[in-house]
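Here's a quick briefing to read with the model open in your viewer. It goes through the sheet, the ligand shell and a pair of helix contacts.

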Amino acid sequence: MDQRAADTPTALLVKRWLVPVCALLNTVSIGQESRAYGRVCLCRPTSPRSGLRRMRPPAAGRPPELLTLPPSHYCERARWGLAHAGLPYQEVPLAAGLHAFTVRKLAPLTTLPLLHTATEIVQGSDHILDWCGLAAADRDAEERLQSRIGPLVRSFSYAATMDGPHHADIRRILLAGVPSWQTAVTRAVWPGLRRLLVASLKVQARRLPELTEQLEAELDWFGQHLAGRETLGPAGFGRDDITAASLLAPLTHPTVVPLYRDVRYPAAVMDTLTRWNDGPALRWVTATYRFRR
Ligand SMILES: N[C@@H](CCC(=O)N[C@@H](CS)C(=O)NCC(=O)O)C(=O)O
């Protein structure tokens, strides 16, 4: 079958325009500095011979760089972990979609967060918390939060915004702090990019009832898991609390967490969020943000 005949207008837009333009721009700049990245091994000291081009890590004495997608709750988990461990870092926010061109040159997966130190590439919020020296007390609960609840929260949040009338709100937080050329490119291709993200992440608004039901069950589980405790870790506030609070934060009322503030939702979603925010799980998240973040 002729491949061109199978391409949708969105796929053509991405292939013919977005990909070449971004590939070109991305070799020129990322964040505030010009640099060229090569391939490196995950979580291994980098070597000049590890790729076609040499990767330039932050100079010795400079803090590690934390590459993020600004509204990602996994990136928030990493930020919070670094801050809690008292480790300085410099955040490099990237625009969703364009981030892949940068991340693919550094690590096997395109997911963020990614920590770029003078000697290591650490990809994944769980590995970054390990790198910070923070240990989970309850590994089963952590696994449920990071592998089931985190993706569900993301799908619900995107289905409630990206495929609705206020999708510009989500674009605003996706672009918070990213380099201006990435903002310009993303704004220019937003109609196609939005459709692509909705389709590839399977976050169509019609999935909201099913996602709501699944999330409600997880919030019930987390409320019971909390069992009235103020902190989850036996030794007080720590990794377990950071994981749960950050991964549930996008569900808090849109006045609570600065990162997710002022996002407008359809009325039915707002009713659901208001009800959930009255429950023990999200009341705990709100209190944890208020007193610990
Ligand atoms: N298990 C990973 C999940 C991270 C993740 O799913 N990040 C999403 C944003 S919420 C991402 O980078 N998506 C873009 C991509 O996959 O290229 C972690 O803990 O860091």
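What follows is a short tour, topic by topic.

One thing up front: this is a predicted model. Helix H10 (residues 239-248) is a good place to keep your eye on, since it packs with helix H3 (residues 73-84) and also with H6. Helix H6 (139-161) turns up again in the shell around the ligand.

**The sheet**
- There's an open sheet of four strands here, ordered S2-S1-S3-S4, and its pairing is mixed.
- Strand S2 (90-93) and strand S4 (121-123) sit at the edges, each pairing on one side only.
- From one strand to the next, the twist averages 20 degrees.
- Strand S1 (residues 65-68) and strand S3 (residues 114-116) run antiparallel and are joined by three bridges.
- If you want a spot to check that pairing, look at Leu67, which stands opposite Leu114 in S3.

**Around the ligand**
- The ligand has 13 residues around it, and the ones that come nearest are Ser72, Tyr74, Thr110, Thr111 and Ser125.
- Two elements give two or more residues to this shell: helix H5 (125-131) and helix H6 (139-161).
- By class, the shell splits into six polar, five nonpolar and two charged residues.

**H3 against H10**
- The axes of H3 and H10 are 8 Å apart, and the angle between the two helices is about 145 degrees.
- Their crossing is right-handed.
- On the H3 side, the contact is made by His73, Glu76, Arg77, Trp80, Gly81 and His84, which meet Arg239, Ile242, Thr243, Ser246 and Leu247 in H10.
- Sorted by class, that contact has five polar, three charged and three nonpolar residues.

**H6 against H10**
- Here the packing angle is about 10 degrees, with the axes of H6 and H10 9 Å apart.
- Angles under 35 degrees count as roughly parallel, so that is the label for H6 and H10.
- H6 passes H10 in a left-handed crossing.
- From H6, the residues in contact are Ala141, Glu142, Leu145, Gln146, Ile149, Gly150 and Val153; their partners in H10 are Asp240, Thr243, Ala244, Leu247 and Leu248.
- This contact divides into seven nonpolar, three polar and two charged residues.

**Where the two contacts meet**
- Which H10 residues should you click on to see both contacts? Thr243 and Leu247 are among those that meet H3, and Thr243 and Leu247 are also among those that meet H6.

Key: Residues are numbered from 1 along each chain as its sequence is written. This is a predicted model: local features need pLDDT of at least 70, side-chain atom pairs count only at pLDDT 80 or more; totals for chains, interfaces and linings use all residues. Axes are lines fitted to C-alpha atoms, for helices over the stretch in contact, and angles run from 0 to 180 degrees between N-to-C directions. A crossing is left-handed if the near helix is turned anticlockwise from the far one by less than a right angle, and right-handed if clockwise. Two residues are in contact if their C-beta atoms, placed from the backbone, lie within 7 Å. Ala, Val, Leu, Ile, Met, Phe, Trp, Tyr, Cys and Pro count as nonpolar, Asp, Glu, Lys and Arg as charged, and the others, Gly among them, as polar. A residue is near a molecule or strand if its C-beta atom, placed from the backbone, lies within 6 Å of it. Two strands pair if DSSP finds at least two bridges between them. Angles under 35 degrees count as roughly parallel, over 145 as roughly antiparallel, 65 to 115 as roughly perpendicular and the rest as oblique.
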